[in-house]
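Morning, everyone. I have one structure to walk through today. Please bring it up on your screens.

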Amino acid sequence: MVKLTIVMPCYNEGTRIYRNVIETITQVERFCDSFRLIVVNDGSQDDTEYEIKRAMESDRRIGLISYDKNRGKGYAVKRGLLAAKSEYVAFLDADLELPPYLLEGFLKKAEEGADAVIGSKMHPDSQVEYPFLRKVMSKGYYWFLKLLFGMKLHDTQTGIKLFRADRINPVVKLVRTSRFSFDIELLAIASKKGLTIEEMPVVVNFSRNKSDKSKISFSSIYEMVRDSLRIKMYVSKLKVSTPAENQGKE
């Protein structure tokens with residue numbers, strides 16, 4: 001069995017996806033000799049799929065899931081995670097604002113026993129460089145989620161996470177959100193199931209220039225708040241078994 005599968009969701013990343021896929025492979029092979037990268041093309045309208053296939057020609061460890069209609073990052077990540085066949089699974093943003101080499105520390109933490117290891121911009125050891133507005137929105141969303149869910153996590157939305165596959169697969173199957181709020185629903189269900197979640201520091205370099213449109217718009221903030229309220233209602237009614245209870249049934 002492959003040790004690690006990395007899922008990389010992408011939408012209209014044709015100008016840089018080839019370079020970023022190759023860079024991910026280059027960084028990950030330095031610390032893991034058994035891995036696969038699944039790139040999920042979430043209905044891109046540019047040449048993203050072509051560029052991914054071009055990368056696949058140079059490395060057999062690269063896989064592709066592609067579909068015509070844009071369904072959202074959460075849907076793309078879910079498709080990739082459920083397609084993975086490995087001991088550990090991770091997902092990573094395609095823009096590489098979060099460098100792939102960070103997964104080495106995440107993997108070690110999981111091997112030490114954590115069920116889920118998530119990146120946190122608010123970790124005291126994180127090196128974060130991104131626009132002031134995004135900092136304000138992240139902090140505000142943190143307090144909103146803390147009040148709503150009561151989880152002891154400082155950052156649920158940073159786009160790098162790693163899991164024990166056998167622990168997270170049952171959680172992924174329960175997630176209904178398909179867009180930006182996928183992460184919080186995944187972690188809320190994981191927390192309710194009793195999975196151990198560890199936060200790790202990250203290095204963040206904001207890659208889009210000033211002329212680029214931020215992927216986090218005010219409409220997406222509204223969507224995340226609305227979805228978070230729906231998730232709270234859904235998770236509160238959800239009956240799930242914990243890992244200890246599952247072991248008792250074996």
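I'll take a helix, then the cysteines, then the nonpolar cores.

A word of caution to begin: this is a predicted model.

Start with helix α1, residues 17-28. The helix has 12 residues. From first C-alpha to last, α1 reaches 16 Å, close to the 16 Å expected at 1.5 Å a residue.

Which residues of α1 are buried? They are I17, N20, V21, T24, I25, Q27 and V28. Look at the spacing in that list. An α-helix has 3.6 residues a turn, so residues three or four places apart point the same way.

What covers those buried residues? The cover includes three strands you can click on in turn: β1 (2-10), β2 (35-42) and β3 (62-67). It also includes β4 (86-92) and helix α2 (48-56).

Now the cysteines. How many disulfides does the structure hold? Zero. C10 has a relative accessible area of 4%, so this residue is buried. C32 is at 3% relative accessibility and therefore also counts as buried. The cut-off for buried is under 20%.

Next, the nonpolar cores. The largest has 39 residues. Within this core, F91, F149, I168 and L186 touch the most other members. Helix α7, residues 182-192, gives the core its largest share, seven residues.

Zoom in on F149. Leaving aside neighbours within four places in sequence, F149 is in contact with I184, A188, S228, I231 and K232.

Apart from the largest core lies another, of 35 residues. Its members include I6, L98, A114 and V203.

That's the tour. Over to you.

Key: Residues numbered from 1 in each chain as written. Predicted model: local features only at pLDDT ≥ 70, side-chain atom pairs only at ≥ 80, totals over all residues. Heavy atoms only, no water. Helix = DSSP H or I, 4+ residues; strand = E, 2+ residues; numbered from the N terminus. Expected span 1.5 Å × (residues − 1). Buried < 20%, exposed > 50% of the residue type's maximum accessible area, 1.4 Å probe, protein only. Contact = heavy atoms within 4.5 Å. Disulfide = S-S within 2.5 Å. Core = buried A, V, L, I, M, F, W, Y, C linked by side-chain atoms within 4.5 Å.
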